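Here's a walk through this fold, one piece at a time. Keep the viewer open and turn the model as you read.

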Amino acid sequence: MAAVIAQTALLLQQRLSTASEEEAIKTIADMYGSRAKRALEAVMQGKVKKYVFTPSGDVIWCVVGREREYLVIPYCYCSCEDHLMSVVVNRSVPFCYHILAVLVAQITRRYKEIVGEDLTYYRVIRELLESTL
Ligand SMILES: [Zn+2]
């Protein structure tokens, strides 16, 4: 899975260097259909968040979904049900739309950054995972 996501990131970066952002994003949308559409909408609507903890500099990514926020480990994990069922269990797709949204947000630098103290790191993770399954 990580290789597919890395290839997607590379393709998006290449397109962004030679074409407009709109065209680059369209390329990704053409490749991944509805999941890509939802990912791009999430990015455009500012639903991707980057928590940065100090003084360690540790980072947590999350995407605000319809019902709650999902913890995303770039390139490998999302706490949503689609990731568990479609990516891990059925292996029908390489990633859920949240993982793609974080990828696009990182490349386009469109995300909300929230800075917090290291003491709150595990509380944030716990809250993001609390309602999983
Ligand atoms: Zn997900």
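Before we start on the sheet, one bit of bookkeeping: two strands count as paired if DSSP finds at least two bridges between them. With that in hand, look at β2 and β3, which form a hairpin with four residues between them. Keep in mind as you go that this is a predicted model.

Stay with that hairpin for a moment. β2 covers residues 59-64 and β3 covers residues 69-73, and the two pair in the antiparallel sense over four bridges. You can pick out individual partners: Val-64 stands opposite Glu-69 in β3, and Cys-62 has Leu-71 of β3 as its bridge partner.

Now zoom out to the whole sheet. The sheet is open and has five strands, in the order β4-β3-β2-β1-β5, with mixed pairing. At the edges sit β4 (77-78) and β5 (112-117), each of which pairs on one side only. Helix α5 (residues 121-130) packs on this sheet, touching β1 (48-54), β2, β3 and β5, and its direction makes about 115° with that of β3.

Where does the mix in the pairing come from? Follow β1. On one side, β1 and β2 run antiparallel and are joined by five bridges. With β5, on the other hand, β1 runs parallel, and six bridges join the two. Along the β1 and β2 pairing, Val-48 stands opposite Val-63 in β2.

Lys-50 is a handy residue for seeing both pairings at once. Lys-50 belongs to strand β1 and stands opposite Trp-61 in β2, while in β5 the residue opposite Lys-50 is Glu-113. If you leave aside neighbours within four places in sequence, the contacts of Lys-50 are Val-59, Trp-61, Tyr-111 and Glu-113. Take Tyr-111: Lys-50 and Tyr-111 are 61 residues apart in sequence, and yet their C-alpha atoms are 6.7 Å apart in space. Is Lys-50 buried, exposed or partly exposed? Lys-50 counts as partly exposed because it has 16 C-beta neighbours inside 10 Å, and the partly exposed class lies between 12 or fewer for exposed and 20 or more for buried.

The turn from β1 into β2 is worth a stop too. This hairpin has four residues between the strands, and Gly-57 takes a positive phi near 85° there. Pro-55 also lies in the loop between β1 and β2, and the peptide bond that leads from Thr-54 to Pro-55 is cis, with omega near 5°. As background, most residues other than glycine have a negative phi, and most peptide bonds are trans.

Two arginines are worth checking with that in mind. Arg-91, in the loop between α3 (81-89) and α4, has a positive phi near 50°. Arg-91 is exposed, because 9 other C-beta atoms lie within 10 Å. Arg-109, in the loop between α4 and β5, has a positive phi near 60°, and Arg-109 is exposed as well, with 7 other C-beta atoms within 10 Å.

On to the helices. The axes of α1 (residues 2-18) and α2 come within 8 Å and cross at roughly 155°. Angles over 145 degrees count as roughly antiparallel, so α1 is roughly antiparallel to α2. The crossing of α1 and α2 is right-handed. Among the residues that meet here are Leu-11, Leu-12 and Leu-16 in α1, and Ala-24 and Ile-28 in α2.

α2 also packs against α4, at an angle of about 140° and with the axes 9 Å apart. That angle makes α2 oblique to α4. The contact includes Ala-36, Ala-39 and Val-43 of α2, and Leu-100, Ala-101 and Val-104 of α4.

Several of these names come back in the largest nonpolar core. Of its 31 residues, Ala-39, Val-72, Leu-100, Ala-101, Val-102 and Val-104 touch the most other members. The elements that give two or more residues to this core are α2 (21-44), β2, β3 and α4 (97-108), and α4 gives the most, with nine residues. For a close look, try Val-102: not counting residues up to four places away in sequence, Val-102 touches Val-48, Trp-61, Val-63, Val-72 and Pro-74.

Terms used: Residues numbered from 1 in each chain as written. Predicted model: local features only at pLDDT ≥ 70, side-chain atom pairs only at ≥ 80, totals over all residues. Contact = placed C-beta atoms within 7 Å. Axes fitted to C-alpha atoms, helices over the stretch in contact; angles between N-to-C directions. Core = buried A, V, L, I, M, F, W, Y, C linked by C-beta atoms within 7 Å. Parallel < 35°, antiparallel > 145°, perpendicular 65-115°, else oblique. Left-handed = near helix turned anticlockwise from the far one by under 90°.
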